[in-house]
Amino acid sequence: MWQDQRPRLIRLSHMTTSESVLARMPKTELHLHLEGTVRPETLWDLADRAGVPLPAETPQALRAKYVFDSFTQFLELWLAMHSSFVDATAYERMVDDYIADARRQNVRYAEVHFTPYNHERLGKFGARPALEVVTERLQRAESAGGPAVRLIFDIVSALLPASGEYTASLVEQLANPILVAVGLGGPEVDYPRTSAAPYFERVRRAGYPVVAHAGETGPAEHVRQAVVDLKARRVQHGVHAVDDAAILRLLAEHGIACDVALTSNLLLTEFRDLKSHPIRQLLQAGVPVTLSTDDPAFFNTDLTREYELARDEVGLSMEQLWDINLNGLRFGLAELPLRRRLLQQFLAEGAELGLTTVPDSPSAAGQPRTFEGAP
Ligand SMILES: [Zn+2]
């Protein structure tokens, strides 16, 4: 599937002035899974160290398996990856690779989803030691020039109630210095978002905001559930909100951002063409949008490429793209002084690159309210 699409996408990657601006501009990313950043070459090394069998004879053959054409194949790789996390070194490698990728793309602020429950049940190192390593490594990278990365712990929809109980207990007991929210991940079809409500209630009582995957492969109703029943501050994907005008209004009026991932949607949803991708309808309805890669290693993409697709295939203007990028700071959940400082840096660097914001953008207009606190 991906191989069929790739030539079409590459054809559009001719070098233009705005392309180099997209590569150089300071960036934000609010929706990617740390486990989804593990490249095939890294998985090969980790599995080799751990003695975990892989469904491939060589690193090249493993890379060829990173073609997202069946969920079964994806699951096979996902399980092998978690089994390969056997010690601190494996987690350090994952974080260091991610940081290198983020720096290469000039990502300055990111919120990274991480699923402790999967590391507890599938990994051999345990979730708590893993979190200590991941947190220390990310903090060290921030001190050494960035990016500033914050964590979102995901509850797995398909593994409720156990994943909810585990994750809620974890955040009640820990005080992780870079944890900014708890999220809901895992499959969406047949898994109503409301199933996580009791655990999200506990998480909010522990002081953390919540976010949720919704409206990706599931209906607009799931977006409503995420916002109304779970009280999600942002929605990952949310693209099916466009099927219900009332839910679009709900998102716009409450300033709930949708963290959109174009390539991910092309590969995993019914949207086969970015020209008809709902991101335009979200923007037209005044819904704040951010742009992300979701699982960049598995979808063979990076953030610069996602911005190129938004420009070349969706047809968004550079002003719209820059505004979407700044939304990562406006709607991010890290401490306000950090986001304000980064916003000032972004505006100064953006001006040097000739980037300006959309004066009448609904999301820009919503900025002060969002910066004041919870919608
Ligand atoms: Zn995701």
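Student: Which order do the strands of the open sheet with β5 have, and is the pairing parallel or antiparallel?

Tutor: Strands of a sheet pair through backbone hydrogen bonds, either parallel or antiparallel. In this model, which is predicted, an open sheet of 4 strands follows the order β5-β6-β7-β8, and the pairing is parallel.

Student: Which strands stand at the edges of this sheet?

Tutor: The edges are taken by β5 (212–214) and β8 (289–291), each of which has a single partner strand, so one side of each lacks a neighbour in the sheet. Averaged over the sheet and with direction ignored, neighbouring strands are turned by 30 degrees against each other.

Student: How many bridges join β7 to β8?

Tutor: Strand β7 (residues 257–260) is joined to β8 by 3 bridges, the two strands running parallel, and Asp-259 has Thr-290 in β8 as its bridge partner.

Student: Which strands does helix α11 touch, and where does helix α16 lie?

Tutor: Helix α11 (residues 220–229) packs on the sheet and touches β5 and β6 (234–237), its direction making about 160 degrees with that of β5. Helix α16 (residues 318–330), by contrast, lies across β7 and β8 and runs at about 100 degrees to β8.

Student: Which residues touch the most other members of the largest nonpolar core?

Tutor: In soluble globular proteins, nonpolar side chains tend to be buried together. Here the largest nonpolar core has 99 residues, and those touching the most other members include Ala-212, Cys-258 and Val-289. Leaving aside neighbours within four places in sequence, Ala-212 is in contact with several residues, among them Leu-184, Ala-226 and Val-235.

Notes. Residues numbered from 1 in each chain as written. Predicted model: local features only at pLDDT ≥ 70, side-chain atom pairs only at ≥ 80, totals over all residues. Pairing = 2+ DSSP bridges. Axes fitted to C-alpha atoms, helices over the stretch in contact; angles between N-to-C directions. Contact = placed C-beta atoms within 7 Å. Core = buried A, V, L, I, M, F, W, Y, C linked by C-beta atoms within 7 Å. Buried ≥ 20, exposed ≤ 12 C-beta atoms within 10 Å, placed from the backbone.
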